[in-house]
Amino acid sequence: MASESVAAAPCVAAWSASAVYTGGQTASYNGHNWQAKWWTQNERPGSSDVWADQGACGGTGPGPGPGPNPSGFVVSEAQFNQMFPNRNPFYTYQGLTEALSAYPGFAKTGSDTVKKQEAAAFLANVSHETGGLVYVVEQNQANYPHYCDRNQPYGCPAGQAAYYGRGPIQLSWNFNYKAAGDALGIDLLNNPYRVEREPAVAWKTGLWYWNTQNGPGTMTPHNAMVNGAGFGQTIRSINGALECDGKNPAQVQSRVSKYQSFTQILGVPAGNNLSC
């Protein structure tokens, strides 16, 4: 009798760049369990000899492989991992799918092609903003005190330097934290740190911007994709004042190239009007 295939081992707790691990301790990263050989901190599994690969992992216990995504999201977990092979473990696929309920029209409007194009467009811009989902917070700490507009009636209750960029579209400024929090039913004005501590909250702030904000553009990125304006208009809405109209063609091309790569992974054409 032929032997049945063995399911992957359960994944242990996800690796954290800020945690200290000693020899023998384990962590999961990119679908594998890893064991530390000796003391380590911020040495990414798979890129350092400190970690020994314990093999593939998945799910929370033995059983068959994953079935259809219950969220109905047009990007599977395998495709997400293919798009972001070096992502920070904070940016979980589960956090993303949990966040989708905040904006049910996202990647669920129009034809199957349009749905996948919108998902690819969002994830391409997110990839550009975060170095491939590597950065959870803004790296230049000198900027942190800059994002407090004390002319707002509510001020900056979390502190002068508390509203730095966080999450997949790097939410910043006290007024944006208040607006996003009000829209999502989360008090981000008083506790902006939730965006860097809770994956679903981080993803929700990115989706808030994508679905509701024009930025320097004339339409939301969501509307740009579902109404056929094209990927270039999503760039304009996110960072057009600094990148579009010839201001920084290299940055624009970086976003376009990532979008073309992601649409290829999802098996749909990129469409027209890719640049801004």
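A polar contact here is a pair of N or O atoms within 3.5 Å, and within protein one of them must be able to donate a hydrogen and the other to accept it. By that yardstick, the side chain of T40 makes a polar contact with the side chain of E43, at 2.9 Å. Keep in mind that this is a predicted model. Below is a quick tour, starting at T40 and moving through the strands, the cores, two helices and a few residues with a positive phi.

**T40 and its surroundings**

- T40 sits in strand 4, which covers residues 40-41.
- Its relative accessible area is 1%, so T40 counts as buried, the limit being under 20%.
- Beyond residues up to four places away in sequence, T40 touches A19, V20, Y21, V50 and W51.
- One of those, W51, turns up again below, as a member of the second nonpolar core.

**Strand pairing**

- Strand 2 (residues 26-29) runs antiparallel to strand 3 (residues 32-36), and the two pair over 4 bridges.
- In that pairing, T26 faces Q35 of strand 3.
- Strands 2 and 3 form a hairpin with 2 residues between them, and N30 in the turn has a positive phi of about 50 degrees.
- Strand 3 also pairs with strand 5 (residues 51-56), again in the antiparallel sense, this time over 5 bridges.
- On that side, N33 of strand 3 stands opposite G55 in strand 5.

**Nonpolar cores**

- The largest nonpolar core has 61 residues, and F73, F122 and W203 have the most contacts inside it.
- Helix 1 (77-83), helix 2 (93-99), helix 3, helix 4 (174-184), helix 6, helix 8 and helix 9 each give two or more residues to this core.
- What does F122 touch, leaving aside its neighbours within four places in sequence? The list is L96, F106, I169, W203, G206, L207 and W210.
- So two of the residues with the most contacts in the core, F122 and W203, are also in contact with each other.
- There is a second, separate core of 8 residues, with A27, W34, A36 and W51 among them.

**Helix 3, a helix that matches its expected span**

- At 1.5 Å a residue, the 19 residues of helix 3 should span 27 Å, and the end C-alpha atoms are indeed 27 Å apart.
- Helix 3 has 14 of its 19 residues buried, so the rest of the structure largely encloses it.
- Just past helix 3, G131 takes a positive phi of about 65 degrees.

**Helix 8, a helix with a bend**

- Helix 8 covers residues 231-243, and a straight helix of 13 residues would span 18 Å, yet this one spans only 14 Å between its end C-alpha atoms.
- Where does helix 8 bend? The bend is at S237, and it comes to about 75 degrees.
- S237 is itself one of the buried residues of helix 8, a list that also includes F231, I235, R236 and E243.
- The buried residues of helix 8 pack against helix 3 (112-130), helix 6 (199-212), helix 7 (221-226) and helix 9 (249-266).
- Right after helix 8, D245 has a positive phi of about 60 degrees.

**The loop between helix 3 and helix 4**

- C148 is in this loop, and with 10% relative accessibility it counts as buried.
- C148 and N174 are 26 residues apart in sequence, yet their C-alpha atoms are 5.6 Å apart in space.
- C148 touches C156, Q160, W173 and N174, not counting residues up to four places away in sequence.
- Q170 lies in this loop too, and it is buried, with a relative accessible area of 17%.

**Positive phi away from glycine**

- Most residues other than glycine have a negative phi, which is the reason to flag the next two.
- Q170 is not a glycine, but its phi is positive, at about 50 degrees.
- N273, in the segment after helix 9, likewise has a positive phi, near 55 degrees.
- Is N273 buried, partly exposed or exposed? N273 is partly exposed, with a relative accessible area of 49%.

Terms used. Residues numbered from 1 in each chain as written. Predicted model: local features only at pLDDT ≥ 70, side-chain atom pairs only at ≥ 80, totals over all residues. Heavy atoms only, no water. Buried < 20%, exposed > 50% of the residue type's maximum accessible area, 1.4 Å probe, protein only. Contact = heavy atoms within 4.5 Å. Expected span 1.5 Å × (residues − 1). Bend = angle between axes of the 7 residues up to and from the residue. Pairing = 2+ DSSP bridges. Core = buried A, V, L, I, M, F, W, Y, C linked by side-chain atoms within 4.5 Å.
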